[in-house]
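Welcome to a short set of exercises on reading a protein model. Keep the picture beside you, try each task yourself, and then follow the steps.

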Amino acid sequence: MICFYCGTENKESAIHCEFCVAPLKKKRPKMKESVYLEQCEWPFDELLLFHTYDLLVLLQLVREERTKAYNLLRTLQKANGDILIDSESLSFAKAK
Ligand SMILES: [Zn+2]
């Protein structure tokens with residue numbers, strides 16, 4: 001059995017890698033074909049099974065969305081008073 005962490009060849013019966021002591025029987029999460037923003041709402045138990053790279057991509061998506069919402073809010077704040085924006089849009093921007 002080949003160690004997922006260091007690539008050392010170990011005996012099939014080994015529980016831990018003889019070089020780096022990493023657990024060999026523990027299933028490692030596999031990378032997904034795609035990650036989408038709505039997955040950030042998934043429960044912790046399911047996100048726990050995501051590959052680290054997928055979690056980083058998901059974090060990037062969340063940060064991009066936050067930046068968009070922030071910029072929209074800034075635009076609405078600057079425009080407040082200059083042009084007429086309906087109260088529904090303003091309350092939506094404030095909620096985000
Ligand atoms: Zn190893």
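## Exercise 1: Asp-54 and its surroundings

Asp-54 has 19 other C-beta atoms within 10 Å and is partly exposed. This is a predicted model, so please keep that in mind as you work.

**Task.** Work out why Asp-54 is classed as partly exposed, where Asp-54 is found, and which residues Asp-54 is in contact with, leaving aside its neighbours within four places in sequence.

**Solution.**
- Step 1: Take the cut-offs. A residue is buried with 20 or more other C-beta atoms within 10 Å, exposed with 12 or fewer, and partly exposed in between.
- Step 2: Apply them. Asp-54 has 19 such atoms, so Asp-54 is partly exposed.
- Step 3: Locate the residue. Asp-54 belongs to helix α2, which covers residues 52-79.
- Step 4: List the contacts. Once the neighbours within four places in sequence are set aside, Asp-54 is in contact with Met-31, Lys-32 and Val-35.
- Step 5: Look further along the chain. Ile-2 is 52 residues apart from Asp-54, and their C-alpha atoms are separated by 23 Å.

## Exercise 2: Checking helix α2

**Task.** Find what span the 28 residues of α2 should have at 1.5 Å a residue, and decide whether α2 lies largely in the open or is largely buried.

**Solution.**
- Step 1: The expected span is 1.5 Å times one less than the number of residues. For the 28 residues of α2 this gives 40 Å.
- Step 2: Compare with the model. The end C-alpha atoms of α2 are 41 Å apart, which agrees with the expected span.
- Step 3: Turn to burial. The number of buried residues in α2 is 1 of 28, so α2 lies largely in the open.
- Step 4: Check the confidence. Among the elements of the protein, α2 has the highest mean pLDDT, 93, while helix α3 (residues 87-95) has the lowest, 80.

## Exercise 3: Exposed residues, one at a time

**Task.** Decide whether Val-21, Lys-27, Lys-30 and Asp-45 are buried or exposed, and say where each one lies.

**Solution.**
- Step 1: Val-21 lies in the segment before α1 (44-47). With 12 other C-beta atoms within 10 Å, Val-21 is exposed. Its phi is near 65°, a positive value in a residue other than glycine.
- Step 2: Lys-27 also lies in the segment before α1. There are 8 other C-beta atoms within 10 Å, and Lys-27 is exposed. The C-alpha atoms of Lys-27 and Arg-63 are separated by 29 Å, with their places 36 residues apart along the chain.
- Step 3: Lys-30 has its place in the segment before α1. Its 9 C-beta neighbours inside 10 Å make Lys-30 exposed. From His-16, 14 residues apart along the chain, Lys-30 is separated by 20 Å between C-alpha atoms.
- Step 4: Asp-45 is found in helix α1. With 7 C-beta neighbours inside 10 Å, Asp-45 counts as exposed. Asp-45 and Ser-34 are 11 residues apart in sequence and 19 Å apart in space, C-alpha to C-alpha.

## Exercise 4: The whole chain

**Task.** Explain why the protein is described as more spread out than a compact globule.

**Solution.**
- Step 1: Count the elements. The protein has 3 helices and 0 strands, in the pattern α-α-α along the sequence.
- Step 2: Compare the radii. The radius of gyration is 23 Å, well over the 12 Å that the globule rule gives for 96 residues, so the protein is more spread out than a compact globule.
- Step 3: Look at the box. The C-alpha atoms fill roughly 75 × 20 × 20 Å along the principal axes.
- Step 4: Add burial. Buried residues make up 4% of the 96 residues.
- Step 5: Turn to the domains. The domain assignment gives domain 1 (1-28) and domain 2 (37-95), and 41 Å separate their centres, taken over C-alpha atoms.
- Step 6: Finish with confidence. The average pLDDT is 88, and 94% of the residues score at least 70.

Terms used
Residues numbered from 1 in each chain as written. Predicted model: local features only at pLDDT ≥ 70, side-chain atom pairs only at ≥ 80, totals over all residues. Domains from an automatic or database assignment. Helix = DSSP H or I, 4+ residues; strand = E, 2+ residues; numbered from the N terminus. Rg over C-alpha atoms; globule rule 2.2 N^0.38 Å. Contact = placed C-beta atoms within 7 Å. pLDDT = per-residue confidence, 0-100.
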